[in-house]
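Hi,

Here is the structure I promised to pass on. Have a look at it first, and then read my notes below.

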Amino acid sequence: MAGGRPREFDVDEALDQAVRVFWRRGYEGAALSDLTEAMGINRPSLYAAFGNKESLFRKALQHYTDRKAVHVRDALDRPTARAAAERMLRGAVEVSTTPGCPAGCLSLQGGLAMGADAEATRERLADWRRDGEAGLRDRFARAQAEGDLPAGADAADLAKFVVLVAQGISVQAADGVDAERLHRMVDLALAAWPA
């Protein structure tokens, strides 16, 4: 049969499961056997559909970005800089504490502790985090030019502040802090927003 047998699995569902494994175990902690079992496929099917583990992780990270971390993109469309910061932070709480999902954030849980063999994946995650911060910085610079932020505010520092709080939310959620308390921390962070 030309082209081989057709796929007998749902690619989106398989990626959902791969995301969960990487999120829970990290990139290096996710063995191929863990991934194939969770995804309900065998190794040849994994390689045929997704490539190697690094390629699967890239696709899983994109899937996570498109399905779970939508708040990062949504924040940039908010009408004010403060609303953008709030969407970013409330979204971090939502993603980090979603019932049925691992606690925390894939970009942190999945890749902070990696060996030399996983350097490309570690750097990919760092780039993903930097891209989110750069998007906020640009959004805040635009807000400043529109008069929505005081002239003396530093767009780069504000973006770093929001990202730092969002990452802290993820770490705290992974440690078991509940959504209600994390939302109170968002309230405290937003109280420091420039008038």
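**Aromatic pairs and helix 10**

Let me start with one residue: Phe22 is buried, with a relative accessible area of 0%. Before you read too much into that, keep in mind that this is a predicted model.

What does Phe22 pair with? Its partner is Phe57, and the two rings sit edge-to-face, 4.8 Å centre to centre with 85° between the planes. Phe57 is buried too, at 1% relative accessibility. The pair joins distant parts of the chain, as Phe22 belongs to helix 1 (residues 11-29) and Phe57 to helix 4 (residues 53-67), 35 residues apart. There is a third ring to look at here: Phe22, Tyr27 and Phe57 make up one aromatic cluster. If you zoom in on Tyr27, you'll find Lys53 over the face of its ring, 4.7 Å from the ring centre.

A search of the whole structure turns up 6 aromatic pairs, and I'd like to show you one more of them. Tyr64 and Trp128 have ring centres 6.0 Å apart and planes at 50°, so this pair counts as tilted. Tyr64 is in helix 4 and Trp128 in helix 8 (residues 119-145), so the pair ties together parts that lie 64 residues apart in sequence. Tyr64 is buried as well, with a relative accessible area of 1%.

Now for helix 10, which covers residues 179-191. Helix 10 has 13 residues and spans 18 Å from its first C-alpha to its last, close to the 18 Å expected at 1.5 Å a residue.

Which residues of helix 10 are buried? They are Leu182, Val186, Ala189 and Leu190. These residues cover an arc of only 95° around the axis, so they end up on the same side of helix 10. Turn to the other side of helix 10 and you'll see Glu180, Leu188 and Ala191, which are exposed. As for what covers the buried residues of helix 10, that includes helix 6 (81-96) and helix 9 (155-174).

One last detail is at the start of helix 10, where a side-chain oxygen of Asp178 comes to within 3.2 Å of the backbone nitrogen of Glu180. That is the Glu180 listed above among the exposed residues.

If you want a place to begin, I'd open the view on the cluster of Phe22, Tyr27 and Phe57, and then move over to helix 10 and its buried residues, including Leu182 and Val186.

Cheers

Terms used
Residues are numbered from 1 along each chain as its sequence is written. This is a predicted model: local features need pLDDT of at least 70, side-chain atom pairs count only at pLDDT 80 or more; totals for chains, interfaces and linings use all residues. Side-chain values use heavy atoms; hydrogens and water are left out. Rings of Phe, Tyr and Trp (its six-membered ring) pair if their centres lie within 6.5 Å; planes under 30 degrees apart count as stacked, over 60 as edge-to-face and the rest as tilted. Helices (H or I, at least four residues) and strands (E, at least two) are DSSP runs, numbered from the N terminus. Buried means under 20% relative accessible area, exposed over 50%, partly exposed in between (1.4 Å probe, protein chains only). A charge sits over a ring if NZ of Lys or CZ of Arg is within 6 Å of the ring centre and within 35 degrees of the ring normal. The expected span of a helix is 1.5 Å times one less than its number of residues. The arc is that of the directions from the helix axis to the C-beta atoms. Contact means heavy atoms within 4.5 Å. A polar contact is a pair of N or O atoms within 3.5 Å; within protein, one must be able to donate a hydrogen and the other to accept it, and residues adjacent in sequence count only if both atoms are side-chain atoms.
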